[in-house]
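Student: Hey, I've just opened this one and don't know my way around yet. Can you walk me through a bit of it?

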Amino acid sequence: MMRILQLVVVLLCGLATAQQQALMDYLERRLLAIEDRISLWHEQTSRYASELREFKQQMVTQLEGLDKNKEALRTELDSVGARVDRVEREMDYLETQNGAQPCVDVDDKLVEQQVTVAKERNKAKYAKLTDCSDMISSIKAMKILKRMGGSKGMWTKDMGSSSGKVYIFNSTGEDTLYEFSSVRDFTSSQGTSAASIIQLPSAWGGMGHAVYNNHLYYVKDGEEIRLVKYDLQKSKVVDSAVFPAKDQLPVYTLNPETYVDLAADEEGLWAIYATKENENHVSLAKVDPKTLAIEQMWDTPCQRENAEAAFVVCGTVYVVYNSKLPSRSRIQCVFDVSDMVTNDDAPTVYFPKRYGTHSSLKYSPLEQLLYAWDDGYQILYKLQMKKKLDV
């Protein structure tokens, strides 16, 4: 019996030893497989790191090349810009030396006709209200303040007072006027957010309005050319009158929306207009700001063709010309109601290059600035003056 038990024990021990050996063999195989995988991962990681370093080096080299190309391109652009500036200066010099042909017909028949018309309409010599004798010699500086509104419009101050308020007329055929307390508020605000809204009783036509001594003078939109005087303090119309000229035409062929362009200067209020009777030329009228009555009228030698705007300084109207494909604006014709300056005496004055065509130009006699609207940009031009007697 004891032998049988011993045999059983021996068999069981042998069986346990075989199972243990099989388990050890299995664990050893698994560990070897894990070691192989770890070794493969190390190899792949090392290869990826090497490729990443090579890619980084390539990118650094390419970026250095791009920086060099950028500097070379910048140098070339600076050189081209300097050449363009030099060419523009040379062109300006040639234009100043040669000048463009004045927009004045010089044939004898037209001269005789102008003399006849002048005798009929302006028998009395103009009586100046001030001793102002300034005239424009050049555009001293230009400042672009803002871009607000459409391609057509007008902006101005009160040209008869020092209130500092700014008025914005966006487009034509509108009746909503925007008032800013100052130029700074206008330029620093987003759109019309800082503006007071003035709702006019009727829509305006064209871009030829004026603000003078706390009153707005505008041309009412419609077939009839009617001037309206609006009290900005009392917010009401205080007077209106039909403009006394028959068969009116757009005063500027490049801005056909404007039939009457109201202008203020040191002498008061003026109206620039055109009629079929003198259809090729611009006419000028002195307006009584109190009653809207026309005091005197003149036919000027300045043509309407390719005219974009005009303004008056010390009783002299300056007509600004351009082309249908906007180029460089220029004052190419002047007319002085006091006959102190002739068109031949006045120099051709060129405006700095801009974006398009002026839709309006408004002169401030207190600042000697031009308030210009150019393709939605609001621009200030500083004028260089000289005395008419020095011409």
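**Strands and buried aspartates**

Tutor: Sure: Leu269 has Val287 in E12 as its bridge partner. This is a predicted model, where local features need pLDDT of at least 70, side-chain atom pairs count only at pLDDT 80 or more, and totals for chains, interfaces and linings use all residues. Residues are numbered from 1 along each chain as its sequence is written, and side-chain values use heavy atoms, with hydrogens and water left out.

Student: What does the E in E12 stand for?

Tutor: E marks a strand, a DSSP run of at least two residues, numbered from the N terminus.

Student: Which strands does E12 pair with?

Tutor: E12 pairs in the antiparallel sense with E11 (residues 268–273) over five bridges, and with E13 (residues 294–303), also antiparallel, over six bridges. Pairing takes at least two bridges found by DSSP.

Student: Is E12 buried or exposed?

Tutor: Seven of its seven residues (281–287) are buried, so E12 is largely enclosed by the rest of the structure. Buried means under 20% relative accessible area.

Student: New topic: how far is Lys234 from Asp231?

Tutor: Lys234 is the nearest side chain of opposite charge, 4.7 Å away, and the buried Asp231 has no salt bridge. That would need a side-chain nitrogen of Lys or Arg within 4 Å of a carboxyl oxygen of Asp or Glu.

Student: What does the side chain of Asp336 reach?

Tutor: The backbone nitrogen of Met340, at 2.9 Å. Asp336 sits in strand E16 (residues 330–336) and has a relative accessible area of 1%.

Technical notes:
Buried means under 20% relative accessible area, exposed over 50%, partly exposed in between (1.4 Å probe, protein chains only). Lys and Arg count as positive and Asp and Glu as negative; His and the chain ends are not counted. Helices (H or I, at least four residues) and strands (E, at least two) are DSSP runs, numbered from the N terminus. A polar contact is a pair of N or O atoms within 3.5 Å; within protein, one must be able to donate a hydrogen and the other to accept it, and residues adjacent in sequence count only if both atoms are side-chain atoms.
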